[in-house]
Amino acid sequence: MQIRNCAIEDIEQAAVIFCEAYAAPPYNETWELANAKAYLQRFFEIDPANCFIAEGNGEVTGAIFSFSYPWHSGRLTCIQELFVSEACRKQGVARALIQSLKNGGAWLVAHKGSGAAEFYQRMGSVQMVHTSSTMVQSPHDAASTGRSTQCEGPARTGDCAWPRYSFTH
């Protein structure tokens, strides 16, 4: 397995894996390949230096799409998407993709009933909320001020069954 920066040419293979990953429970989402490709390309264009793919035998086996921005305590990295092909799961691919991030820490939102949420917890993440409430705490605000922020965006299902996680690696 090799981890390398994602290139625009990798987006289509990544989109196929993305569609397969989100078609499975608990997500049960049906993505058109063109829409998945456009979605991933959009995040790639935001911050290509924070997008990586895992590759084995010349094929994309997983990917992480993230972006970072200045924050009061340094840089904050948000993992937008992390997915691994079914055949390559439980082989350290997702862990290697997370470790490819440069700043040592990140936050993300994951469906609390998913294998992904369990994986993040095994990686030592801190679940920022465990409720279906619409309030979540950002990891930096929770540590410094205790402020709460509204759950933003569609969060796939429209509720906050998608708690935020924060971890360092």
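User: Before reading strand 4, which relative accessible area makes a residue buried, and which makes a residue exposed?

Analyst: A residue is buried under 20% relative accessible area and exposed over 50%, with partly exposed in between. The model shown here is predicted. Strand 4 in this predicted model is mostly covered, as eight of its eleven residues are buried.

User: How much of the chain counts as buried, and how much area does the chain expose?

Analyst: Of the 169 residues, 46% count as buried. The chain exposes about 8700 Å², and carbon and sulfur atoms supply 51% of that area.

User: How many helices and strands are there, and in what order do the elements run?

Analyst: The chain holds five helices and nine strands. Read from the N terminus, the order is β-α-α-β-β-β-α-β-α-β-β-α-β-β. Contacts add a second view of the fold. Among those between residues at least 6 apart in sequence, 60% join residues at least 24 apart.

User: How should one read the pairing of strands 2, 3 and 4, and in which sense do they run?

Analyst: Two strands pair if DSSP finds at least two bridges between them. Strand 3 and strand 4 run antiparallel and are joined by ten bridges. Strand 2 pairs with strand 3, also in the antiparallel sense, over six bridges.

User: Which residues stand opposite one another in these pairs?

Analyst: Between strand 3 and strand 4, P70 has R75 as its bridge partner, and Y69 stands opposite L76. On the side of strand 2, C51 has F65 in strand 3 as its bridge partner.

User: What links the strands of each pair along the chain?

Analyst: A hairpin through two residues joins strand 3 to strand 4. The hairpin of strand 2 and strand 3 also has two residues between the strands, and N57 in this hairpin takes a positive phi near 55°.

User: Turning to the interior, what is the general idea behind a nonpolar core, and which residues touch the most other members of the largest one here?

Analyst: In soluble globular proteins, nonpolar side chains tend to be buried together. In this structure, the largest nonpolar core has 25 residues, of which C6, F18, L40, F65 and F83 touch the most other members. At least two core residues come from each of helix 1 (11-23), helix 2 (33-46), strand 2 (51-56), strand 3 (59-71) and strand 4 (74-84). Helix 1 gives the most, with eight residues. A second, separate core has 14 residues, including F52, V84, A94 and L97.

User: Is V60 buried or exposed, and what is it in contact with beyond its neighbours within four places in sequence?

Analyst: V60 lies in strand 3. Its relative accessibility is 8%, and therefore V60 counts as buried. Leaving aside neighbours within four places in sequence, V60 is in contact with D10, Q13, A14, I17, I53 and A54. The C-alpha atoms of V60 and M1 are separated by 9.7 Å, although these residues are 59 apart along the chain.

User: How should one read a salt bridge, and how many are there?

Analyst: Side chains of opposite charge can pair when their charged atoms come close. The cut-off is 4 Å between a side-chain nitrogen of Lys or Arg and a carboxyl oxygen of Asp or Glu. By this rule there are four salt bridges. R4 and D10 form one of them, with the closest N and O atoms 2.8 Å apart. R4 is partly exposed at 23% relative accessible area, whereas D10 counts as buried at 8%.

User: Which parts does the salt bridge of K37 and E12 tie together?

Analyst: The closest N and O atoms of K37 and E12 are 3.5 Å apart. K37 lies in helix 2 and E12 in helix 1, so this pair ties together parts that are 25 residues apart in sequence. K37 is partly exposed at 30% relative accessibility, and E12 is partly exposed at 40%.

User: What distance is found for R89 and E86, and which residues form a network through shared partners?

Analyst: The side chains of R89 and E86 meet in a salt bridge of 2.6 Å, N to O. R89 is partly exposed at 35% relative accessible area, while E86 is exposed at 59%. Salt bridges that share partners join R4, D10 and E55 into one network.

User: Where does E55 lie, and what does E55 touch?

Analyst: E55 lies in strand 2 and counts as buried at 17% relative accessibility. A polar contact of 3.1 Å joins the side chains of E55 and R4. Not counting residues up to four places away in sequence, E55 touches M1, Q2, R4 and T61.

Notes:
Residues numbered from 1 in each chain as written. Predicted model: local features only at pLDDT ≥ 70, side-chain atom pairs only at ≥ 80, totals over all residues. Heavy atoms only, no water. Core = buried A, V, L, I, M, F, W, Y, C linked by side-chain atoms within 4.5 Å. Buried < 20%, exposed > 50% of the residue type's maximum accessible area, 1.4 Å probe, protein only. Helix = DSSP H or I, 4+ residues; strand = E, 2+ residues; numbered from the N terminus. Contact = heavy atoms within 4.5 Å. Areas by Shrake-Rupley, 256 points an atom, 1.4 Å probe, with all protein chains shown as cover. Polar contact = N/O pair within 3.5 Å; in protein donor to acceptor, adjacent residues only side chain to side chain.
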